[in-house]
Each structure stands twice: as C-alpha cells, then as structure tokens.
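Trainee: I'm new to this one and don't know where to start. Please pick one stretch of the chain, take a close look at it with me, and then show me what surrounds it in the rest of the model.

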Amino acid sequence: MASSSAPRVRFAPSPTGYLHIGGVRTALFNWLWAKKTGGAFILRIEDTDQERSTEESRRVIVDAMRWLELDWDEGPEVGGPYGPYLQMERLPIYQEFVERLIARGRAYRCYCTKEELDAQRVALKEKDPKAMFRYPGTCRARKDRPDRPFVVRFLAPEAGSVTYNDLVFGAVTTPNSAQQDFVLVRTDGVPLYNFGSVVDDVSMAITLVARARDHMVNTPPQIMIYEALGYAPPAFAHLPLMLAQSGDKLSKRHGAVSVEEYKNLGYPPAGVLNYLARFGWSHGDEEIFSKDDLVQKFDFAAVGRSDGKFDPKKFADVVFEHLKRPDLTPVRRYAKMVTPFLAAIGITEPNAPDISPDS
C-alpha cells in the first residue's frame, strides 16, 4: 500500500489493437519504480479514439498485463479512489477543468470551421509552400457565444520558454514561440491527448510521467496546461525508442511485436521482462535478472539516451537463460506453460517425472 508521499506512476495505453512490446517496456519501468519506492502503479485506458478503440483491445491489454504479472494498484478491474480509469467515463471531469481554464482567461471557445481553417492552410501553401500553418488566433478576443459548434483552445503564451529537468535527458528548454493555440477539447466534448493526460494526471495525483522519447514534443504544452490550472507539473522521464534493425520504428512488418505473439511462442513472462528491462537500461555488465533483481536494481539514472535496435536473437538468448534456470523459471511453471503446446500436437497426457511441490 503506497503512503501519501510515495510516488504515483501510470501506464496509459490506448485500446486500439495489440499491446506492443515497446509499450510493455514503458509499463515495466513505471512498475519497477513503483515497486522499488513503495509507490502506486496505475493502469489507465486512454480510449478517446472512438473510431479505433474497442472492448476487445482493452481486454487484450488487461490480459497481457496479467500474463506478464505487471499487477496494478489502481485501474480497470481493480478500482481505486481516483477512478474512473477509462477516459470516456471521465468526460464530466474534463468539462469541469476546461471551464476553469476559460474562466481564468487561459482558454477560449473557437468557432472556426474546418472548412475555414483548410482554406487558410491552402492559401498559406500557395504563398509559401514550405510554411507550416499555425492557428492565427482568430477567436482569441471573441466575446460573443454564437449558437454554433466550437472547440476549446488553449491561449498559449507567445514569449518566454518552458524548461523542465528530465530524469533521462536533463534540462530541456522549448521556446513558447514554437507553440500555437492548440485544441484542448473537440466539439463533442472529448479531450485531445495533451489535455486529457494532464487532467487525468492531476486528478490522479501522478508524481512521475515516464514514457517514450517521442512524447517529448507533448511535454511543453502539457506543462503550460499544468501551470495554467495552478498545479506543479510532475517529474518527467523520457525513454529511448525501440527501433527495428532498419532504424525504423518497430512495427508488425518487422516480425513479432505483440505480447500475445511471444506468449504463443512459449516465451516465459520473466524472460520477456528481462529483455525489455535491458532495452535502454543497464546495471553494469549484468544481463540476466529475476523480477526481484530488477526491482532492487532499477533506477532512472541508469537509463540511456540513445535509441536502440530490437534484436530478436538476443531476446531469444535471454529467454533461453530463463528457461534453463529453475530459479528464474520454476519447473512447475514451465510444465504448466508448455502444456498448451503439447496439447496442440496431440500430447495430452505426457509421461512426466514427479515434480515436487517446491519445484
């Protein structure tokens, strides 16, 4: 049970498909930190992409996390004091926070239509093909509230900069001139990623946000939202990316990348976690770890900054070490794990030696 001053971390996947092993690495680092510090690990489902989010995908995520034995202290099927833990069940909470920003003059209703904005983009491209379109603040000073659909935009400062100390990358500074008046909430009341994440992290008392490096672009606007709401931002740790051997972002076209695929290949959960833990983190020259070892030795100070290439051969080598060592993969657990594979080839009652209860 976490104390009131203990860290609170979260893993917030979107239920739009399988659970990618890159996402598992993010979940693992958060889980390890919670276990090491006596903190709380929260599972939150970011299901605002209604076109792609499915109940089946949510089930896949939950089942994969359970198979990996990455238990969560709060979240789906567990509950907790900061729920609900599915974003689409939190819409009234986002509405409350966005109204707070509007009342403070830090956000405003924008009535510009998609057609109007598209026309402005086309005009800009005709004038300067290399120019990047930025919302020109058309509705910033509007005081009327016409009976028309609207989004809510953040009123971004035009001067100054955002600086934060990343636990992996150190001090990071972004000029505010790089931002624009970004959308917080769509016309249907559903929050966009940056606003939804901030509101959830604030209302769930998250103290550290650890996620992949490609989210660094989201951190400055999120810090702006924290400060506009009157909250201190949490700590941030951005993790190196998992790439294919080609240097591209790892995807299904490069081979097995989902948790379920590795489960079906017979990989033991602890072996999967061992390989993923060493992807971007090190502890001297050690390669093989039990989960208890990882909890004891993990620290964000030992996370590297360089992206790495996924190595299926090394992955298999790590798993082989786990399979041949009873201290890492107990015999009974291994026997239970291989039973479905034996059944698939017609062996339902193999002649196996007696296994002691302590094996």
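Mentor: Let's begin with the labels: helices here are DSSP runs of H or I with at least four residues, strands are E runs with at least two, and the numbering starts from the N terminus. Keep in mind as well that this is a predicted model.

The stretch I'd pick is the loop between α2 and α3, which is where E69 sits. Helix α2 covers 55-67 and α3 covers 91-103, and P84 lies in the loop between them. E77 belongs to that loop too.

Now look at the backbone there. Most residues other than glycine have a negative phi, and most peptide bonds are trans. With that in mind, check E69: its phi is positive, about 60 degrees, although it is not a glycine. E77 is another non-glycine residue with a positive phi, in this case near 70 degrees. Then go to P84, where the peptide bond coming from G83 is cis, with omega near 0 degrees.

How much of the two glutamates is exposed? E69 has a relative accessible area of 34%, so it counts as partly exposed, since that class runs between 20% and 50%. E77 comes out at 47%, so it is partly exposed as well.

Now let's step back to the chain around that loop. You'll find 11 helices and 11 strands in it. The C-alpha atoms fill a box of roughly 80 × 45 × 35 Å along the principal axes. There are 359 residues, and 46% of them count as buried. The chain exposes about 18,100 Å², with carbon and sulfur atoms supplying 53% of that. As for how the chain meets itself, take the contacts between residues at least 6 apart in sequence: 76% of them join residues at least 24 apart.

For the inside, a bit of background helps: in soluble globular proteins, nonpolar side chains tend to be buried together. In this model the largest nonpolar core has 87 residues, and L184, F195 and F300 have the most contacts inside it. Helix α1 (residues 21-37) gives the most to this core, with 9 residues. Apart from that core lies another one of 7 residues, including Y108, C112, Y135 and V151. Click on F300 and look at its partners from further along the sequence: F29, W33, L167, V168, L208, A210, A237 and L239.

W33 shows up again if you go to P7, in the segment before β1. Setting aside close sequence neighbours up to four places away, P7 touches W33, T37, G39, A40 and T207. For a sense of distance, P7 and E286 are 279 residues apart in sequence and 27 Å apart in space, C-alpha to C-alpha.

Just along from there is R10, in strand β1 (residues 8-11). Is R10 buried or exposed? At 5% relative accessibility it is buried, because the cut-off is under 20%. Its side chain makes a polar contact with the side chain of D201, at 2.9 Å. Beyond four places in sequence, the residues R10 contacts include N30, F41, R44, I206 and R211, along with D201 itself.

N176 is another buried residue, at 7% relative accessibility. You'll find N176 in the loop between β6 (170-175) and β7 (183-185). Leaving out its sequence neighbours within four places, N176 is in contact with P157, E158, A159, G160, S161, V162 and M224.

Finish with helix α11, residues 331-344. It has 14 residues and reaches 20 Å from its first C-alpha to its last, close to the 20 Å expected at 1.5 Å a residue. There's a bend of about 35 degrees at V338, and a proline, P340, follows within four residues. A344 is part of this helix, and with a relative accessible area of 67%, A344 is exposed. Remember N30 from the contacts of R10? A344 is 314 residues from N30 in sequence and 36 Å from it in space, C-alpha to C-alpha. After α11 comes G346, whose phi is positive, near 90 degrees. G346 is a glycine, whereas E69, back in our loop, has its positive phi although it is not one.

Key:
Residues are numbered from 1 along each chain as its sequence is written. Side-chain values use heavy atoms; hydrogens and water are left out. Buried means under 20% relative accessible area, exposed over 50%, partly exposed in between (1.4 Å probe, protein chains only). A polar contact is a pair of N or O atoms within 3.5 Å; within protein, one must be able to donate a hydrogen and the other to accept it, and residues adjacent in sequence count only if both atoms are side-chain atoms. Contact means heavy atoms within 4.5 Å. The expected span of a helix is 1.5 Å times one less than its number of residues. The bend at a residue is the angle between axes fitted to the seven residues ending there and the seven starting there. A nonpolar core is a set of buried Ala, Val, Leu, Ile, Met, Phe, Trp, Tyr and Cys residues joined through side-chain atoms within 4.5 Å. Accessible areas come from the Shrake-Rupley method with a 1.4 Å probe; for residues, only the protein chains shown count as cover.
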